[in-house]
Amino acid sequence: MVIAMENGDLYGNIELITNALGTQGSMVVKHIYIGMDQPLDAAIIYVNGITNKDIVDRDILNPLMLHTRENLNGKENIGEYLCKRYISMSNTLVESDLNAVVNYLKRGKTAVLINGATEVIIVDTTGGVQRAIMEPMNETAAKGPRDGFVENLEVNLSLIRRKVKDNHLSIEMFNIGSRLQSDVALVYINNIVDKQVLEELKNRIKAIDLDSVLSAGKLEQYIEDYAYTVFPQAYSTERPDRAIGNMLEGRIVVLIEGTPMVLTYPAIFMQFFQAVEDYTERTVISSFVRLLRIFAAVLVITLPSFYLTLIKFNVELIPAKFVTPIVQSRVGIALTPFLEILAMEIIVEFLREGGLRLPTKIAQTLSLVGGIIIGDTAIQSKMVSPTTLLVVGVTVISTFLIPNYDMSLAIRILRFPMLVLTNIMGIFGIAIGWFLILVHLSSLDSLGVPYFEFHKSDLKDTFIRAPLWKMNKRPEGIPNQDSIRQTDSRNKFKKKR
Amino acid sequence: MMGQERVPIEEVATISGIGYDIERKGENMMEYSIPISTNIYKPSGMQVNLIFKEQGQSLGEIIQKRQEVMNKKFVQGHERVVLVSEDYARYGLKTIIEDRFRNAEVSDIANMAVCKGKSEDYLKYKVAGYSNSSEFIQGSIEASVNYNFFSDNYKLMDAFVRIGAEGRNLILPYIEITEEGIEITGMAIFKEDKLIGLANLKDSRILNLLRDDNVKGIVSLQKSPKEYIDFEAKTGHRKVECYKQGDKYGFNIDLSLEGAVINNEMYVDMKKDVNKKKEFEKDMEESIEKQCDDFIKIMKNDYKIDCLGLGREAAAKYGRQKGTDWNEVVCSADIKVNVKVKVDLQGRGDY
Amino acid sequence: MEGSTNKKQSYLTVNQFALIIFGSIVGVGILSLPNGVVKVAHQDGWISTLVGGIYPLYVVVIARYISKEFPNDSILILSKKYFGRFLGSIFNLVFATYFIYTASTIASFYSNLMRNYVVEFLTPIKIIVIIFICIMYAASRDLKVIGIISEISFYLTIILLLSPIVALRVASISNIYPVFGSGLSSIAKGSVKSSFAYAGAEIILLIYPFLKEKKKMLVSSLISVALVIVLYVWSVFITTYYLGPDIVSKNFWSLLLVMGSVTITVVNNYKYIFMFLWSLIAFKSMSINGYASIHILKDFTKKMDIKKICFLIYPLLVYLAFKYGNEISRQSISDIVLPCYIIFNLLYMTVIAVFIFFKGGAKA
């Protein structure tokens, strides 16, 4: 519904705008006089709470009310003239479409309406109180920057712009959600990103037709291909340096107004096992930690099932020295092995889920005390055996090693079906389970890019972390246009022996 | 077509040792007896050891009868030792090997030994400090590699590999119950799968020295009660050279021993004088060669088989699957042993 | 399999292409390969295995020649072109049955193996039914998925097959001597037996249109076949070396006995870890064969959707695998059926190549 300014009738226009904004109640209208001799009637409109009132007072009201010493009546292009002459604010424009004016008002800008003029001056006065930039809680790095994204889109974009001074940095804005009309920005580097993937992503975002997209998480679910898999298909982060790093490899960053988490597409499996500190710490240490992580992920899925196989089906496989302790701890246990392990796993999940809702201090105490008490009493009441508890405990600790929260949830879930398969079929079940997981992973793709593919040249950054100066090419897993990112510069200063 | 049921671990009795006995009950009747030593675990941490023995005409029958008396399903795979009574060994190991080989659960690395008398007595024997005797027996077999030149090739796997192979024969440790307890008193020598001879410890040492690579032991020279020297030696890789003159075969065995002098009361000043060292080395070489020759004579005349594995070397050179009886060939061949001794370490000093 | 321009048309990287070939040949057969070969050629079994490698090399060379002329048409299209639509389709169908046979035979082998060692409590029908559900799931996916799985299982295969390297120091070389002692005729007979284990390279005829970089086809497939030959010879060698030529034929799965020599301190029995990991390799082989058969059938019946074909083949595969029975009967069936298939495959390929040669390639 295009509301055009019929005439320069001030009060009529104000009413039109008020109706368009809806009964919000926090709209402010101030009437002023502009000019000497025959003063013009004017009004400024802004929405309280999202504007920086200092700018309104100092840069709009002050000059317009106090410093317009000429007769402006009947001047042509009054809007533009005022912008150039009196409004001492840097970001102004002139707009005649009332719809656009209303949009701007909703984003914290101020509108100056002049009686008799069909155009409106829009001044950028965005402000209002929001969260300060701090380090995200879940992703910390010792030697990296400590800023994190916030809820405000402009601030986020500014964080990126500050770090990326490349000419080819492109930002595309979209508007999604019919009621919320949230702003969504796609940020990428034009001559690195793969155009096909970009097109695909843009099509999907444009195709979204619903009321609201409140958060990045929801958006992710609307544009992903495979809804029923446990594996995340977008990589989410709160750190600008990670987002930018991903962008430089050919990915596209999606920022959503209102969520500090940004999404990067496309995503590949190994990416979820790379943490920030990997790149800021030393090579050998990082490689070791990476291997540990991958081992931990495998352990989480396999260890409980393997333990179940050993005690239930294949007793002869247990190493001779372990047989005595294991059997002794299991004599007289009430539950069958499968139920025992399942019960302990579920209790652990309870503790974890429960801890999420409570305030931090209580949650810590709860997990600790709950774990200890329940574990201890379970052993004493002969419900579970100590060895089982050990196995379950090790599994739980291993899940903490996975850096990305989405992926750790996925891996945690996988161990339950694996346990069930093992209970039915023994070690054959574990083999089947792993095979199915691998096949499933291989058939996933994120916006057309295969999810689980290994490229020989990428191995420098998957299981180990080769020295940074060796990673001359961008990873092949993400399609890109320009594959050289650095040249070997160390030979310039390395001493020749 | 029902699969064999599996039960969880607490309902399982693990076998720690298994024995094979035989008794001739009549003209054509042999009765087999398989005692097993199992571990029963109590919640309080106590471990009790029970022996179950059953007799029957065939091994399968025995297994069935045994399960009737046990209250837990027994599971193989943890057995430490397989004991064969001397009688059974003389009768032939084939049935045992067949039984062990077919069953996939069986632990291939259990130690095997031949025992004098009935294996049941050994499994029942209470050894102080051990919960069951099988552990002790296994431990002593494994520890025997340190002295007496025993190798660690006395496992079930080795029996599988040696019995059917061309030009190879099996030997196993022989244990007896003496006043001090269960002791290894020699080696049992097999032709194919039947026991044909027992060697005492002295002969066993030489047998092992000649037969295996990389074995350790102590050799000594003694002139009088006060003059003796002990040499702790390790053999290297045994080299066998096989030649043929017409129809007669010949073997040259080259052994090299290297080691430390641990007790020297015979050669004064061996530390300082290089010539003394050479003298000792030469004396030692001669002594060992003589011992070897003595043993080989015994082998040719008493045992009449090739227990040194020389047949395999000959087959490797002159062809396999020709139907040659390598035992005969080796016993009628010229066998010469050459020993090289090298003194490596001499300890802390000469007192 | 026709070059339909679907945007998601998957292309194989060079690695995946080579490793699918590798994966198609190296399946479960390698575990009992030493048995058959050593029984005939005794201690020279490894030489026979080496000689038997001629068969896959031949397949690769023929495929290269065919693909040079027709880089985008798989053998299915070519057979219809040169044999006429009716006869060509019949031949394609026989080709499909070859893959079905191989898949079911591998399943039977695997089920016997697992039941004997680790999962006696499962009946064969249970194992086979469940295996084929998973295989159908995998085989109904894109070729890309098959490629990725082959890649992963390749690395696994290398690690597993190289693990008996520790057996080298335990056994003695005299088990292998005298070289050539068995005589050339037994070596030749052994080669024929070993060539059965090499069956599987024919998959190259179906997948070469999907290779992105066609220039690298010959090199990559040759390297892959060479790797297979090396691994096979190594396996036969180490088995003979460790067990001696007389014992090898006593155990059904002689390579497993060699695995018993690998002693890791804590683990009681390395054999079981080996078998668990080997299961993945078995599944991969079955998936490749399943994929091949599904796609040939899809080409045969153009209207049917892949899911329907899967549902149709599934009972057939289960029934066949079940019917083969235990290891001994399976082996005797294989001894009769497999040579026929190999001869058929050889003729099929060679005749098409000859036709291309005479009738001129793409210009005809």
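User: Let's start with chain B. What share of its contacts with a separation of 6 or more comes from residues 24 or more positions apart?
Analyst: In this predicted model, 67% of those chain B contacts are between residues 24 or more positions apart.

User: OK, and how many helices and strands does chain B have?
Analyst: Chain B has 10 helices and 16 strands.

User: How much of chain B counts as buried?
Analyst: 40% of the 351 residues in chain B count as buried.

User: What domains does chain B get?
Analyst: The domain assignment splits chain B into domain 1, covering 7–211, and domain 2, covering 213–351. Where they meet, domain 1 of chain B puts in 24 residues and domain 2 of chain B puts in 25.

User: Which elements supply the domain 1 side of that contact in chain B?
Analyst: Strand E10 (181–191), strand E11 (194–200) and helix H7 (201–211) of chain B each give at least two residues to the side touching domain 2. H7(B) gives the most, eight residues.

User: And what's the nonpolar, polar and charged split on that domain 1 side?
Analyst: On the side of domain 1 of chain B that touches domain 2, there are 11 nonpolar, seven polar and six charged residues.

User: Switching to chain C. How many of its residues are in contact with chain A?
Analyst: 29 residues of chain C are in contact with 26 residues of chain A. On the chain C side, helix H7 (124–139), helix H8 (143–162) and helix H14 (270–300) each supply at least two residues.

User: Which one has the largest share there?
Analyst: That's H8(C), with six residues of the side that touches chain A.

User: What kinds of residues make up that chain C side?
Analyst: The chain C side facing chain A divides into 20 nonpolar, four polar and five charged residues.

User: Now the cores. Which residues touch the most other members of the largest nonpolar core?
Analyst: The largest nonpolar core has 284 residues, and the ones touching the most other members are A:Phe428, B:Val84, B:Ala113, B:Ala188, C:Ile204 and C:Ile207. H14(C) gives the most to this core, 16 residues. As background, nonpolar side chains tend to be buried together in soluble globular proteins.

User: Take C:Ile207. What is it in contact with, leaving aside neighbours within four places in sequence?
Analyst: C:Ile207 is in contact with C:Leu12, C:Phe17, C:Ile20 and C:Leu143.

User: And which residues does the second, separate core include?
Analyst: That second core has 29 residues, including A:Ile17, A:Tyr46, A:Ala111 and A:Val120.

Terms used. Residues numbered from 1 in each chain as written. Chains lettered and ligands numbered in written order. Predicted model: local features only at pLDDT ≥ 70, side-chain atom pairs only at ≥ 80, totals over all residues. Contact = placed C-beta atoms within 7 Å. Helix = DSSP H or I, 4+ residues; strand = E, 2+ residues; numbered from the N terminus. Nonpolar A, V, L, I, M, F, W, Y, C, P; charged D, E, K, R; others polar. Domains from an automatic or database assignment. Core = buried A, V, L, I, M, F, W, Y, C linked by C-beta atoms within 7 Å. Buried ≥ 20, exposed ≤ 12 C-beta atoms within 10 Å, placed from the backbone.
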